[in-house]
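Visitor: I would like a close look at one part of this model, namely its charged side chains and how they pair. Please set that part among the other local features, so that I can place it in the chain.

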Amino acid sequence: AAPQAVYQSERWAPVKYDFANLVPGKLYKTRLHFAEIAPSVTQAGDRLFNVYINGGQVLANFDIFASAGAKFRAVTRQFNTSADGLGNIQVHLARGSANEPKISGLEIFPYTNTAPVLASIPTKIVNAGAMLTFTNSATDADLPADALTYGVTNSPAGASVSSVSGVFTWTAPQVTSTQTNAATVLVIDNGTPPLSNSKTFSIVVVAPPKLSSVLVTNGDVNLTWATYPGKNYKVQFKADLNAPLWTDLGGSSTAGGSTLSVTDIAPADTQRFYRIVQLD
């Protein structure tokens, strides 16, 4: 916004402003300043007008009151504009559906592109064989905001990201031990020149649980298996491998480190088959 004094005055009625002595074909930013201060305007819809820049319409039935949300409140609109072959930019305010057009201030200044900002991406954890999917987000400070395109670089084979929505997708491989991969998401704008931003993050692929030791002591069976911190596991058993159902051996356990152990106290069966189930 401009200083407050800019919005305390206005020029109303149809008008054309011609800005000369610019560089022909060079890109500029045209910023228009508005504030509704007229006694005749008390609500949205009381003033509706059109704005054209170099003959092209950029605002249709523009409503200052509705755009700002109230009277005596500043609002700006900014457009990227190329000077014509003679080095001119023309801004034309024309009548719309209600009242007269008006403006409080106008700026023309050289265009400079600002790089987009991609939100940070925390470490992702995915089970072996599962699909990892999440949505990236990025912002662009330019007004009007540049169109943004997403992509991936230096990422695991098969990783992709939607160029428009920023949705990252990758199916984790079937690993037998925990694996960590690096991936990089890129966002690029359509400014002049195009600028980009990227974020590199880690993807941890958690392997299925695997028994590392089975010890029988005085009839008690102690089971130890490899884990990933924070994952939840459950031990199940059955006496007949062909039986349709498994029975839980106690409740679930949350891994605090790289291994968990559970003891089956003096099982009554002459034989037992065990399995480890990862719950999440």
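Guide: What follows starts with the salt bridges and then turns to backbone geometry, the surface, the pocket and some long separations.

The model is a predicted one, and every value below is computed from its atoms. As general background, side chains of opposite charge can pair when their charged atoms come close. With a side-chain nitrogen of Lys or Arg required to lie within 4 Å of a carboxyl oxygen of Asp or Glu, the count comes to eight salt bridges.

One of these joins Asp142 to Lys29, with 3.4 Å between the closest N and O atoms. This pair links distant parts of the chain, the two residues being 113 residues apart. Asp142 sits in the loop between β13 (138–139) and β14 (148–153), whereas Lys29 belongs to strand β3, which covers residues 27–34. Both Asp142 and Lys29 are buried.

Another salt bridge is formed by Glu100 and Arg95, whose closest N and O atoms are 3.1 Å apart. Glu100 has a relative accessible area of 17%, and because buried means under 20%, Glu100 is classed as buried.

A further salt bridge holds Arg272 and Asp269, and here the closest N and O atoms are 2.6 Å apart. Arg272, with a relative accessible area of 23%, is partly exposed, and Asp269 counts as partly exposed as well, at 32% relative accessibility. These two residues also belong to a network of salt bridges that links Asp264, Asp269 and Arg272.

The backbone comes next, and there the general expectation is that most residues other than glycine have a negative phi and that most peptide bonds are trans. Against that background, the peptide bond from Thr192 to Pro193 is cis, with omega near -5°. Pro193 is located in the loop between β17 (179–189) and β18 (196–206).

Ala13 is not a glycine, yet it has a positive phi of about 100°. Ala13 is found in the loop between β1 (11–12) and β2 (15–19), and it is partly exposed, with a relative accessible area of 21%. Asn61, again not a glycine, has a positive phi of about 50°. For Asn61 the setting is strand β5, and its relative accessible area of 33% makes it partly exposed.

On the surface, a nonpolar patch is formed by Leu211, Val214 and Val216, which together have about 250 Å² of accessible area. Leu211 lies in strand β19, made up of residues 210–217, and counts as partly exposed at 34% relative accessibility. Patches take in residues with over 30% relative accessible area, so Leu211, at 34%, passes that cut-off.

For pockets, the general idea is that rolling a probe the size of a water molecule over the atoms shows where empty space is left. The largest pocket holds about 150 Å³ of space. Its lining consists of 14 residues, and those that lie nearest its centre are Thr178, Ala207, Pro208, Ala226 and Thr227. Sorted by class, that lining has seven nonpolar, six polar and one charged residues.

Several pairs of C-alpha atoms then help to place these features in space. Gly55, in the loop between β4 (48–53) and β5 (56–62), is exposed, with a relative accessible area of 64%. The C-alpha atom of Gly55 is separated by 73 Å from that of Gly251, with their positions 196 residues apart along the chain.

Asn197 lies in strand β18 and is partly exposed, its relative accessible area being 21%. Between the C-alpha atoms of Asn197 and Trp246, which are 49 residues apart along the chain, the separation is 51 Å.

Thr184 is placed in strand β17, and at a relative accessible area of 7% it is buried. Its C-alpha atom is separated by 46 Å from that of Ala44, the two residues being 140 residues apart along the chain.

To return to the charged side chains you asked about, the pairs described here include a buried one, Asp142 with Lys29, and one that is part of a network, Arg272 with Asp269.

Note on methods. Residues numbered from 1 in each chain as written. Predicted model: local features only at pLDDT ≥ 70, side-chain atom pairs only at ≥ 80, totals over all residues. Heavy atoms only, no water. Patch = residues over 30% accessible without salt bridge, like charges linked within 9 Å, V, L, I, M, F, W, Y side chains within 5 Å. Areas by Shrake-Rupley, 256 points an atom, 1.4 Å probe, with all protein chains shown as cover. Helix = DSSP H or I, 4+ residues; strand = E, 2+ residues; numbered from the N terminus. Buried < 20%, exposed > 50% of the residue type's maximum accessible area, 1.4 Å probe, protein only. 1 Å grid on protein atoms, 1.4 Å probe; cavity = no way out; pocket = protein on both sides within 12 Å on 5 of 7 lines; lining within 4 Å. Points joined across faces, edges and corners; volume = space filled by probe spheres on them. Nonpolar A, V, L, I, M, F, W, Y, C, P; charged D, E, K, R; others polar.
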